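User: Hey, I've got a model open and want a quick tour of what holds it together. Can you walk me through it?

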Amino acid sequence: MNTDADRYLARVTLAPAYARYTPETAAPSRPVMIVGYHAAFAFHPAPGTALAAFPGIDLAGMTASRLALMGLVRIEHATEILTVHRDGSTSTEWNDTLFNRLPHGITWYLTPAEPDPITGRPRTTARRWAAGRHRALLPRSVTTQVPGAPATVTIHDHDPHTGRRWSP
């Protein structure tokens, strides 16, 4: 395996909130490979969004190794406030605390990724994913390259329509 790519392996653990619902003998998940990063404002990125690849990543080799490829996503949540003025002009503001039940602040998570067949760069998969019961411990090489990244993030690998977990 490529030693440059080994720096992007994240260890997967069960989220503490799910520990009491899972048997103690449950096997730990295999590590995941973090291939890129995307910062979004206000909304989750659309399926198929390009990721900024980390240096030393060989997607062809990683796809052959059957490692789960993941992209790190950062979302700065906000609500758009559109104001129409008397003269017909409009102005837009963004507020992150307007509705207290909506997400606000910054959210981090890993989402399944795949190589783009045209460009060869990593992108998010063509489907939407929800948070599953796992979380990942990010390696230092990722947290130093992505400003503000936490040490632990949730993994969005759960299909909300079928209940199945994503697998490469």
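Analyst: Sure. One term to start with: a polar contact is a pair of N or O atoms within 3.5 Å, and within protein one must be able to donate a hydrogen and the other to accept it. Also, keep in mind that this is a predicted model.

User: OK, so what does the side chain of Thr 125 make a polar contact with?

Analyst: With the side chain of Trp 129, at 2.8 Å. Thr 125 sits in the loop between E8 and strand E9 (134-137).

User: Is Thr 125 buried or exposed?

Analyst: Thr 125 counts as buried, because its relative accessibility is 7% and the cut-off for buried is under 20%.

User: Where is the confidence lowest and where is it highest?

Analyst: The low point is helix H1 (residues 3-6), with a mean pLDDT of 60, and the high point is strand E8 (residues 122-124), at 91. Over the protein chain the average is 79, and 79% of the residues score at least 70.

User: Back to E9. Which strands does it pair with?

Analyst: Strand E1 (residues 9-14) is joined to E9 by four bridges, running antiparallel. Strand E10 (residues 152-155) also pairs with E9 in the antiparallel sense, over three bridges.

User: Which residues stand opposite each other there?

Analyst: On the E1 side, Val 12 is opposite Ala 136 of E9. On the E10 side, Thr 154 is the bridge partner of Arg 135.

User: And which E9 residues are on the covered face?

Analyst: His 134 and Ala 136 are on the covered face, while Arg 135 and Leu 137 are on the uncovered one. In a regular strand, side chains alternate between the two faces of the sheet.

User: New topic: how many residues are in the largest nonpolar core?

Analyst: There are 27, and Leu 72 and Leu 110 have the most contacts inside that core. The elements giving two or more residues to this core are E1, strand E2 (32-42), strand E4 (68-77), strand E7 (105-115) and E10. E2 supplies the largest share, five residues.

User: What does Leu 72 touch?

Analyst: Setting aside neighbours within four places in sequence, the contacts of Leu 72 include Ile 34, Tyr 37, Trp 108, Leu 110, Val 146 and Val 153.

User: Any ring stacking to look at? How many aromatic pairs are there?

Analyst: The count is two aromatic pairs. In one of them, Tyr 8 and Phe 54 are stacked, 5.1 Å centre to centre with 5° between the planes. Tyr 8 is in the loop between H1 and E1, and Phe 54 is in the loop between strand E3 (52-53) and helix H2 (59-64), 46 residues apart. Both residues, Tyr 8 and Phe 54, are buried.

User: Why does the Tyr 37 and Trp 108 pair count as stacked?

Analyst: Because the planes of Tyr 37 and Trp 108 are at 20°, with ring centres 6.3 Å apart; stacked requires planes under 30 degrees apart. Tyr 37 is in strand E2 and Trp 108 in strand E7, so this pair ties together parts 71 residues apart in sequence. Tyr 37 and Trp 108 are both buried.

User: Last one. What does the side chain of Ser 141 reach?

Analyst: The backbone oxygen of Arg 7, at 2.3 Å. Ser 141 lies in helix H3 (residues 140-145) and counts as buried at 15% relative accessibility. Apart from neighbours within four places in sequence, Ser 141 is in contact with Arg 7 and Tyr 8, and Tyr 8 is the residue stacked with Phe 54.

Technical notes: Residues are numbered from 1 along each chain as its sequence is written. This is a predicted model: local features need pLDDT of at least 70, side-chain atom pairs count only at pLDDT 80 or more; totals for chains, interfaces and linings use all residues. Side-chain values use heavy atoms; hydrogens and water are left out. pLDDT is the predictor's confidence in each residue, from 0 to 100. Buried means under 20% relative accessible area, exposed over 50%, partly exposed in between (1.4 Å probe, protein chains only). Two strands pair if DSSP finds at least two bridges between them. A nonpolar core is a set of buried Ala, Val, Leu, Ile, Met, Phe, Trp, Tyr and Cys residues joined through side-chain atoms within 4.5 Å. Contact means heavy atoms within 4.5 Å. Rings of Phe, Tyr and Trp (its six-membered ring) pair if their centres lie within 6.5 Å; planes under 30 degrees apart count as stacked, over 60 as edge-to-face and the rest as tilted.
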